[in-house]
2 protein chains.
Amino acid sequence: MKAPLRIGIAGLGTVGAGVVKLLAEHGRLLSLRGGRSLKVVAVSARSKAKKRDIDVSGVRWERDPLALATAPDIDVVVELIGGSSGVARRLVQTALRSGKHVVTANKALLAMHGTELATLAEKRGSILAFEAAVAGGIPIIKALREGLVGNRVRRLYGILNGTCNYILTTMRETGRDFGAVLAEAQAAGYAEADPSFDVDGIDAAHKLAVLTGAAFGAKVNFAGVHVEGIRRVSAMDIQFAEELGFRIKLLGLARETRYGIEQRVHPCMVPLSAPIAHIEGVFNAVVVEGDFVGTTMFQGRGAGQGPTASAVVADLVDVARGRQMPAFVVPAERLADKKVSPMDRHQGAYYMRLMVQDKPGVIAAVSGALAKERISLEAMLQRGRSDGAVPVVLTTHETEEAAMQRALARITRLGAVAEEPCVIRIEAFQ
Amino acid sequence: MKAPLRIGIAGLGTVGAGVVKLLAEHGRLLSLRGGRSLKVVAVSARSKAKKRDIDVSGVRWERDPLALATAPDIDVVVELIGGSSGVARRLVQTALRSGKHVVTANKALLAMHGTELATLAEKRGSILAFEAAVAGGIPIIKALREGLVGNRVRRLYGILNGTCNYILTTMRETGRDFGAVLAEAQAAGYAEADPSFDVDGIDAAHKLAVLTGAAFGAKVNFAGVHVEGIRRVSAMDIQFAEELGFRIKLLGLARETRYGIEQRVHPCMVPLSAPIAHIEGVFNAVVVEGDFVGTTMFQGRGAGQGPTASAVVADLVDVARGRQMPAFVVPAERLADKKVSPMDRHQGAYYMRLMVQDKPGVIAAVSGALAKERISLEAMLQRGRSDGAVPVVLTTHETEEAAMQRALARITRLGAVAEEPCVIRIEAFQ
């Protein structure tokens, strides 16, 4: 048996405590599987006094997390502090520069500095592992980097934020609107007091940027992600979606177009025939379409103590087994510097809901605005009659985003259109 | 860049040709990802004359596949001959004894001799990899051995045979019976001329035995799998299942009980609320329930040239990257020799369909037989009236298999019961 793998953990929140628990509970199992024991030798967290349901009494406490990065008795630093800058970043940089391996769950850090950190790791022959950063316990980074490595990825998409999926699922099930469901989710602890990070799509975009790097062997480019959140999705649109055979999901999608790499996070109309339409509540799922493997889907819990600890420990066992790997499928210096495929050039179909004054000529004007951009209608439905505004819903055939935006501007200016139209992209699936 | 990985391929059927194609098509991509080029230096197949849509003109042809196992210019042997004995077994044994790595898609071989081959591999420090042996392109072996390595697996189950799933899906969609759908599947090339291997559950059992080894770190024990196929599933039962909120699937399941490891392949009533109920046609899916990660599901195409080649090449890239691994999660000599949990001790609920003479007292006699074994009814439905036999369907609460079998024997002997009752186990899911 080889010498123990000596671990330093920075951050003892939910995930950190989960890692300590898992390592303690499965100690024997893990040394058998990893070929050596996995031993926590030091920890660091903001408050030593805080009550935690874990036993770290025999473990060195470092007031300064950076001490873990240089301690001679530590082989691998587990970074669970979070945040794309500040301590977390310095900790990871210093640890890698000191020749230590790093395991992190920090998607924001990787989304912003993934390429730089991968380069640092490879310079010193260290492992930079981050299975826990995306989709909780689902081993999707490993799938992209290893299990599906023989494929050119055609498209990748996923439900990457459990909070948004929970809100959308609850909206659909209860018929209630975004605000009410968000408030309830906050009360239940499923959403943060400041929900922006989740509901505005930023968290999903961080994860998508990391996935894209691993799937396409490209430099991580968070700035290249087009991001829209779910605040503007209404109960009415969810209802219409169902009638049209769709379910609204916040998806993160990436694919290569002839212009470069397209990365986008936004609400999508997903046909009910697509398996991902049925991933509900706090579950996450990632679909990888490879040129040889075809369509594969991976689903599971996207967050929480157990799933995230499972992913962190999987990375630790990889380190224990000495499984050297490029962080993003190819060596860091070979990561491609791909152009961003501009959103204006996005090709796809669209759903549009208008609130219009119920009077003659409105539909003709709307259709005219679309026709002018050579956008053809797939379906249109008008519901009810009223003295006020009534909803008109339409879906288009595939067109270009720029054309759709021009038509939309024209439609919004029509006198009979009562409020800004709601537009949701329709994603095509085999 | 390191020296090329030199590959010898035995077997140039659908999968072998797929591997050659993939390696040719993605040569540059793979050397970037694997850190060295992947080079086929020799091949062997039964007929050199056979027309194939691949180019192996620059590659050495070995008449005897065993020559690949000892050739000094080969690093890794890809075994795609198939069969649990004969040439395939000798080839893998000889290659491993010669210190070569082996990549194989041969589930029968691994199911019968997995432990022995893993031991051989480790003795010489070779890699034995077999992602392609189970569930086609889905990287489930990697998930068990690495991605979910931090978990104690509570239960594992999957749709492991695409032919059976296709037949069951088509039976449900068309209302036709097993024989008719099988004949059609044979005509369409989805089922073999001799379908026994698939429809009697043997292929699924091979795969389950391999998965169980990797999930539980236990010696591969094909003989310990309880196997039933789908021949006795009737259109009528599929219909009743739907009415009761179930779908009938041929599942392979493994879990640890207090008696040992339970491995079984048989038709299951799966509640429609379980995601695996919706895996249709030739798709495969594997669900892993881990104590930390919770429930994860992996789905994709379970067979075919592209998906299987994708899995073989993923293993080759692992070999190229030098990723040494125990074949079944723990070193071969540490694989547990677990007892077989006897099927008699299986705990679960049951579906039973009887064809009974429609006369007073029959239901009372059936209920009495169940009550005698302390089996309680969950639901019972009788359909139609007739002078002949009418179906009576019942579901039970959880009971023991042995009790159910005793009750079944008693019920079968009842004068009013027209034919052998159809019994299908109901699997419980959260």
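Biologist: Which residues have the most contacts inside the largest nonpolar core, and how many residues does that core have?

Modeller: This is a predicted model, and its largest nonpolar core has 246 residues. I140(A) and I140(B) have the most contacts inside that core.

Biologist: What makes I140(B) count as buried?

Modeller: Being in the core does. A nonpolar core is a set of buried residues of certain kinds, Ile among them, so a member such as I140(B) has to be buried.

Biologist: And which residues is I140(B) in contact with, leaving aside its neighbours within four places in sequence?

Modeller: E131(B), V134(B), A135(B), L211(B), V286(B), V288(B) and F298(B). Contact here takes heavy atoms within 4.5 Å.

Biologist: F298 in chain A, then. Which residue of chain A comes closest to the rotation axis?

Modeller: F298(A) does, with its C-alpha at 2.3 Å.

Biologist: How do you know that the two copies are related as by a two-fold rotation axis?

Modeller: Lay chain A on chain B: it takes a turn of 180 degrees and a shift of 0.0 Å along the axis, and the RMSD is 0.0 Å. The two copies are therefore related as by a two-fold rotation axis.

Biologist: Why say that the copies meet through the same surface?

Modeller: Because 100% of the interface residues of chain A are also interface residues in chain B.

Biologist: On to helix α1 of chain A. Why is G16(A) called buried?

Modeller: Buried means under 20% relative accessible area. G16(A) has 1%, so it counts as buried. Not counting residues up to four places away in sequence, G16(A) touches G11(A) and L80(A).

Biologist: What makes V15(A) partly exposed?

Modeller: The partly exposed range lies between under 20% and over 50%. V15(A), with a relative accessible area of 22%, falls in that range, so it is partly exposed. V15(A) sits in helix α1, residues 14–25. With neighbours within four places in sequence left aside, its contacts are L80(A), T308(A) and V312(A).

Biologist: Which UniProt annotation covers V15(A) and G16(A)?

Modeller: An unreviewed entry has them under "binding site", in a list that also includes G11(A) and A17(A). UniProt lists K107(A) for "binding site" too, again from an unreviewed entry.

Biologist: Why is K107(A) called partly exposed?

Modeller: Its relative accessible area is 24%, which is not under 20% and not over 50%, so K107(A) is partly exposed. K107(A) is in helix α5, residues 107–123. Leaving aside neighbours within four places in sequence, K107(A) has contacts with A133(A), D203(A), H206(A), K207(A) and V210(A).

How values were computed:
Residues are numbered from 1 along each chain as its sequence is written. Chains are lettered from A and ligands numbered from 1 in the order in which they are written. This is a predicted model: local features need pLDDT of at least 70, side-chain atom pairs count only at pLDDT 80 or more; totals for chains, interfaces and linings use all residues. Side-chain values use heavy atoms; hydrogens and water are left out. UniProt positions are given in the numbering used here, feature names are shortened, and annotations may be inferred rather than shown by experiment. Helices (H or I, at least four residues) and strands (E, at least two) are DSSP runs, numbered from the N terminus. Buried means under 20% relative accessible area, exposed over 50%, partly exposed in between (1.4 Å probe, protein chains only). A nonpolar core is a set of buried Ala, Val, Leu, Ile, Met, Phe, Trp, Tyr and Cys residues joined through side-chain atoms within 4.5 Å. Copies are superposed by least squares on the C-alpha atoms of residues with pLDDT of at least 70 in both.
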